[in-house]
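Reader: I would like a close look at the salt bridges in this model. Please take them pair by pair.

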Amino acid sequence: MSEVRDEAADKRAVEHGGDLVAGVLERHGVDSLYALCGGHISPILAAAKARGIAVVDVRDEASAVFAADATARLTGVPGVAAVTAGPGVTNAVTALKNAQMAQTPLVLLGGATATVLKGRGSLQDIDQISLLASTVKRTFTAATVRDLPEMVEEAFGVAADGVPGPVFVELPVDLLYAEEVVREWYGAKKGGGLAGWFLRRYLSWHVKRLFAGQKEAAAELATSGRAVPLPPPAPEAKPVERAASRLAGAKRPVLVIGSQAMVGAGRDDAAAELAAAVERLGVPTFLAGGARGLLGAGSEIQMRHKRTKALKGADLVILAGVPCDFRLDYGRSIGRKAKLVAANLSCEEMRRNRRPDLEVEGDPGRFLVGLAAALPEGKGERWSKWRDELAGRDAERDAEIAAMAGEETDHVHPIAFFRALDAVLPEDSVLVGDGGDFVATASYVLRPRGPLSWLDPGVFGTLGVGGGFALAAKRCRPSAEVWLIWGDGSAGYSLAEIDTCARHGLPVIAVIGNDGGWTQIAREQVEVLGDDVGTVLERNDYERVAEGYGGVGLRIEREEEIAATLAEAQRLARAGRPVVINLLLGKTDFRKGSISM
Ligand SMILES: Cc1ncc(C[n+]2csc(CCOP(=O)(O)OP(=O)(O)O)c2C)c(N)n1
Ligand SMILES: [Mg+2]
């Protein structure tokens, strides 16, 4: 990062709209602004830096938004990204949609053309608001400098309120620079006779209007103090009590906890409280999506396999922050006779495809805490036989998977690799998944060590989240070992973020499962259509790409090399270097028959 600053620059930094925007970020405790530069947003970056916020400049706008998304998931406070007007904004669209589908709160600050040039064919001027309207909870466009703090403030509120999601704040460039700079732009050309004179008068009036009240806004911001993060809305007591009495009468209950239950878990010790409550309930529990890891690696009540069979055999199913979408076969995974209790921030989502017998509107995490408190002590013991039955199936499936690791392959068996990684994974670690079959295999074998230690794209299934997610995870949890599990296809989207990791001192460890193709797609395409067109890649030397970006590249070709290479990667990461392991995979049938659409 350049350190080009002087006193005059410091003065400029605090006297423009960019600083009002940065001031609100500071108020909300934002410590990292993920960005890719552009003239339209330069004042925001400079002001953020001047206020002590780290500007993490990434290599693709999508990565900036993915990083903001991961930050929100891990901390519970909306993440923030800044991108320039036009192509900067359009590059962010997929990542915004991913955040919207994953219900992650984030604030995207986007540059825009100057107020007077809107719609006149200026550089990078498009209708950004219409483009983004369906990918975010709300869009904002600032019209005067005075509006800026209140608008960004409101953006934080909307992002975190109710069902969380991304918001977009459009910031015309003439609101971000200092008034004298903007006057210079507008008043630069003399001449033009009477028409020119009128135009200059108009522009002068316009600039005056843009900057009216700036000082007052700055003064208000300076005295506004620290913002308190919005907790997700708590459920009412009555439905929680009803759920507790239903549960008390159940013989074979199953609990499924999803990402939405973790919305408030990033703050203080909310995650530990939630985990303790779930353990106290003693109900056989499946953890999905972002809830993976909630109960640590070795909980007796957590089941990992044969979920559909368990749901079919249950007499009561509790869905905490889990919708009945394709992952639960649109509700058909749950036996028809079973009673369904659902807790969700969104009534609409809670009722989709199958209406619950009991609805609890509100934060599913706090619902579980309330449920555990309302259930008489020792109730969990009632279900021990049912739990043992499910645990038995779980152990059987684990043994099957372990046996598969012994299959002969031409390189490394992915199960053997992940078993070895699981054996050395420290308690303080975060796993990021970005890929197809390789990541799905990881999710069967790896046991995330604690709450909020597993990040994947979520329901939108977007490939390309890896670089942004991993670098943000390392910023949020500097002491944790961050492992990025990449498919070789997926790595192509954000491999350049290894450069960002190197520049910003973010020593993540990436493993690229190199099977020379987009295997999850190839698997079915070849079987159904008899053609692998479009699904074949070269077994590239990704470790050399990593070296070029300032990371350390390692390579594993045989199983005998796994242990030593993992240890070396961990040592290098501890020494501050980002690492990419190119892991040559053998062909296996482990994932045969699993869906990919
Ligand atoms: C942005 C995006 N494009 C395409 C897909 C479709 N898709 C799902 S899995 C997959 C294959 C992933 O290949 P790779 O990362 O190499 O993992 P592998 O399955 O080979 O282990 C593809 C292309 C997607 N989910 N997201
Ligand atoms: Mg692949």
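Which residues are linked in a network of salt bridges?

Author: The model is a predicted one. In it, a network of salt bridges links Asp541, Glu543, Arg544, Arg555 and Glu557. One pair in that network is Glu557 with Arg555, whose closest N and O atoms are 2.7 Å apart. Glu557 has a relative accessible area of 27%, so it is partly exposed. Arg555 is likewise partly exposed, because its relative accessible area is 30%; the cut-offs are under 20% for buried and over 50% for exposed.

As background, side chains of opposite charge can pair when their charged atoms come close. The count for the model comes to 27 salt bridges, and two further pairs are described here.

Arg449 forms a salt bridge with Glu427, with 3.9 Å between the closest N and O atoms. This pair links distant parts of the chain, the two residues being 22 residues apart. Arg449 sits in the loop between helix H19 (437-445) and strand E13 (454-455), while Glu427 lies in the loop between helix H18 (414-424) and strand E12 (429-434). Arg449 counts as buried, at 9% relative accessibility, whereas Glu427 counts as exposed, at 61%. The bridge therefore pairs a buried Arg449 with an exposed Glu427.

The other pair is Asp125 with Lys118, where the closest N and O atoms are 3.1 Å apart. Here the acidic partner, Asp125, is buried, with a relative accessible area of 17%. Lys118 has a relative accessible area of 41% and is partly exposed.

Terms used. Residues numbered from 1 in each chain as written. Chains lettered and ligands numbered in written order. Predicted model: local features only at pLDDT ≥ 70, side-chain atom pairs only at ≥ 80, totals over all residues. Heavy atoms only, no water. Salt bridge = Lys/Arg side-chain N within 4 Å of Asp/Glu carboxyl O. Buried < 20%, exposed > 50% of the residue type's maximum accessible area, 1.4 Å probe, protein only. Helix = DSSP H or I, 4+ residues; strand = E, 2+ residues; numbered from the N terminus.
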